[in-house]
Amino acid sequence: MSIDSIPVRVAAIEAVAPMIREFRLEAIDGSLPAFSPGSHVQVAMPGEQREIRNAYSLCSDPRETGSYRIAVRLQEDSRGGSAFMHSQVSVGDRLQITPPANFFAPAWHARKHLLIAGGVGITPFMSYIPELERQGADFELHYLYRSSQTGAYRDELMHRLGQAFNGYDSDAGVRCDLSVLLSNREPGSHVYICGPESLIEGVRETARALGWPESLIHYEAFAAPEPGEPFKAKLVRSGRAVEVAADESLLEALEREGIEVPNLCRGGVCGQCVTSVVEGSVEHRDDFLSADEKASGTCIMPCVSRAAGNHLILDL
Amino acid sequence: MRMSPKPVQTFRDDFTYSNSPGAIARFPFPFPEDEYRYSVNIEPHVTPGPEGSVYEFLLDIDEHYLSEMAERDIVLKENPQRCLAMPHMDLACWDMIERCMQSLAADYPQHFSLTIDGDQWTWHNRLLNIHDSFTFGDSSTLPLPPMEYMGRQVQGDFALLDQRDGDLFLDAGIVTCPADWSLAFDAGMSFSEWHGPVPMAHEMGVFDRALKYLTAIPVGRPVRRLNWTLTVNARMDTSPETYPNWGTDRASVTADNVGEKVHLRVELQVLDRMPRSNALMFSIRTYLLSFDDLVTNPDWARRMHRVLKTLPPELVEYKGLGRYHDLAVEWLSRFDPAN
């Protein structure tokens, strides 16, 4: 982990849905830094073959800095991170986390906030809601889940939010009609989506069709890098070569070999890990580089992007 | 050298402002080369910096503290629009209060103290004889709106930039000593909009690169840069709102008074991510040094001459130096053996 890493102790673990566990993390020395709604931290997990680092949204009240909460869904096709958190972590264990960073902050000037959560995508909104309440902001939560797997915090939220809570349990056959949700909204409404790619795309397409400007639509995808074909990365400055496996990202492979690259989001958003490409073509998967930068082929975001062929030569 | 605040001097009318030898020695002379050129000259603002330097702490409190706070009071009384905060910036203003009070109390315990008991905060500013208790986050418990309350106790101008859509918006600030820009005019503008008047840099892509960098600044990793211009007389408030008061000063420079009239004006700009709101705090700490004081350092005198002599005409115009640029270059040439 970076020099900024914060050691924490797991103070409590709670099953908050059939597939979701909540972890309360306490500082070992002093207090934890204040954070803004929508922030995430990276958690470093000493996996069997390699260290795994995943980003998790903080799901506690930002005013509560005695501890942080994160909620982790066990992924069926886990790359190791969520399985580790579910099976290997016990109360009292120590973990390393990064300081909070935020790529999904509320639009503070919005007149109305429409929060749309899919499954474990409820987590960032758990930090939004207390702050929006403190500010007396107008908001609605629309929560899509499957009660056999997800739906964490729904009873608490239903009770707390009253009319502002709208739950859709697809296991009970309750569906959310996005075009109804997004129609006839008053000017100044902003919509936020956190959930699977399909939900994000569904909301964006529906909103676009209804004439919503892009600037009113905010979303955060689950950050795990998608797998791809294995390839080799050659590093000109150190003269080394790193094999990147199908199920790991280039960033993870570099870290496994002890090569530190600055990074914050591990999801192709923040731009910190941008790396110069000397040779080889890139399959760009990030949201950071401009179309021109991607076309030029001179840089790559190793947290999510990969070689388009069997090798890349990097200026590292 | 660490500086203790001295009695109030003026930045207008009789201009009694002066720098002590210690203040001259720590002046942030901004030119690393003989020729000035644009660059994204941003570096980490790692504190504590060198002891006694302007970089030692997040906020530099020096011998001019009381004078600058008195000047700020005059400006705000003349025109309350020099401080504003849009309603959605309230949380960011409290971020600023928290950051400033905690830094000041830790860095200058002889002048400031802060006691925190849950949400109940007690703040003591011994330099201005301010002693207040309030509820953190509740603006109704402060004697002034939060931006004005804090801004009246720190040297330099402050802006809070709201971050959204990958851009920054100038949605709150207290600006009483600007180098010819107006908070009321720029309020609500995006990063590229408020930099609209800057010549050449847009075409160079400077602002696109800078914006990507600034929007990614993490909490606890502030960055800084220096900016500069020249000002006639030791006038802090060179704003568009008061242009009639100072615009004509530029015609008062003669070959005989360059040394006392013309001042190098340096801004130490710091950008610091606010943890609770995700806003960026942009502080602009202004230092003024007369050419008479500047040339007491022979290296500075020589370099200042070379920088002004080679300054592109677009920048001479943009910085408003046209009326006296030649006089200043001529006056400085006597300190440059190459001439």
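Biologist: What percentage of the 316 residues of chain A count as buried?
Modeller: Happy to start there, and please keep in mind that this is a predicted model. A residue is called buried when its relative accessible area is under 20%. Of the 316 residues of chain A, the share that counts as buried is 52%.

Biologist: How many helices and strands does chain A have?
Modeller: Let's take the two kinds of element in turn. The helices of chain A number seven. The strands of chain A number 19.

Biologist: What is the radius of gyration of chain A, and what would a compact globule have?
Modeller: We can set the chain beside a simple expectation. A compact globule with 316 residues would have a radius of gyration near 20 Å. Chain A agrees with this, as its own radius of gyration is 20 Å.

Biologist: How far apart are the mean positions of the positive and negative charges of chain A?
Modeller: Chain A has 29 positive and 43 negative charges. Take the mean position of each group, and the distance between these two points is 2 Å.

Biologist: Where in chain A is A:Tyr153, and is it buried or exposed?
Modeller: A:Tyr153 sits in the loop between strand 9 (139-145) and helix 3 (154-161) of chain A. Its phi is positive, about 70°, although A:Tyr153 is not a glycine. The relative accessibility of A:Tyr153 is 10%, and the cut-off is under 20%, so A:Tyr153 counts as buried.

Biologist: Now for the other chain. What share of the 339 residues of chain B count as buried?
Modeller: Chain B contains 13 helices and 10 strands. Its radius of gyration is 20 Å, close to the 20 Å from the globule rule for 339 residues, so chain B is as compact as a globular protein of that length. Of those 339 residues, the buried share is 59%.

Biologist: Among contacts in chain B between residues at least 6 apart in sequence, what percentage join residues at least 24 apart?
Modeller: Picture the chain folding back so that distant parts of the sequence meet. Start with the contacts in chain B whose residues are at least 6 apart in sequence. Those that join residues at least 24 apart make up 70%.

Biologist: Which strands of chain B pair with strand 7 in the antiparallel sense?
Modeller: Strand 7 covers residues 167-174, and eight of its eight residues are buried. Three bridges join it to strand 2 (residues 83-85), and this pair runs antiparallel. Seven bridges join it to strand 6 (residues 157-164), again in the antiparallel sense. The partners are therefore strand 2 and strand 6 of chain B.

Biologist: Which residues stand opposite B:Ala172?
Modeller: B:Ala172 belongs to strand 7 of chain B, so we can look at its partner strands, since strands pair through bridges. One residue opposite B:Ala172 is B:Ala85, and another is B:Leu160.

Biologist: Which residue in the turn between strand 6 and strand 7 of chain B has a positive phi?
Modeller: These two strands form a hairpin, with two residues between them. In that turn, the residue with a positive phi, about 50°, is B:Asp165.

Biologist: With which residues is B:Glu98 in contact, leaving aside its neighbours within four places in sequence?
Modeller: B:Glu98 is found in helix 3 (residues 90-107) of chain B. At 10% relative accessibility, B:Glu98 counts as buried. Setting aside those neighbours in sequence, its contacts are B:Trp121, B:Phe136 and B:Arg276.

Biologist: What covers the buried residues of helix 13 of chain B?
Modeller: Helix 13 spans residues 325-333, and its buried residues include B:Trp331 and B:Leu332. The cover over the buried residues of this helix includes helix 9 (258-261), helix 10 (291-294), helix 11 (298-309) and helix 12 (313-318) of chain B.

Biologist: Where is B:Pro48, and which peptide bond there is cis?
Modeller: B:Pro48 lies in the loop between strand 1 (43-44) and helix 2 (65-78) of chain B. With omega near 0°, the cis peptide bond is the one from B:Thr47 to B:Pro48.

Biologist: Why does B:Phe15 count as partly exposed?
Modeller: B:Phe15 is in the segment before helix 1 (21-25) of chain B, and it has a positive phi of about 45° although it is not a glycine. Buried means under 20% and exposed means over 50%, with partly exposed in between. B:Phe15 counts as partly exposed because its relative accessibility is 22%.

Conventions:
Residues numbered from 1 in each chain as written. Chains lettered and ligands numbered in written order. Predicted model: local features only at pLDDT ≥ 70, side-chain atom pairs only at ≥ 80, totals over all residues. Heavy atoms only, no water. Helix = DSSP H or I, 4+ residues; strand = E, 2+ residues; numbered from the N terminus. Rg over C-alpha atoms; globule rule 2.2 N^0.38 Å. Buried < 20%, exposed > 50% of the residue type's maximum accessible area, 1.4 Å probe, protein only. Contact = heavy atoms within 4.5 Å. Lys, Arg positive; Asp, Glu negative; His and termini not counted. Charge placed at Lys NZ, Arg CZ, Asp CG, Glu CD.
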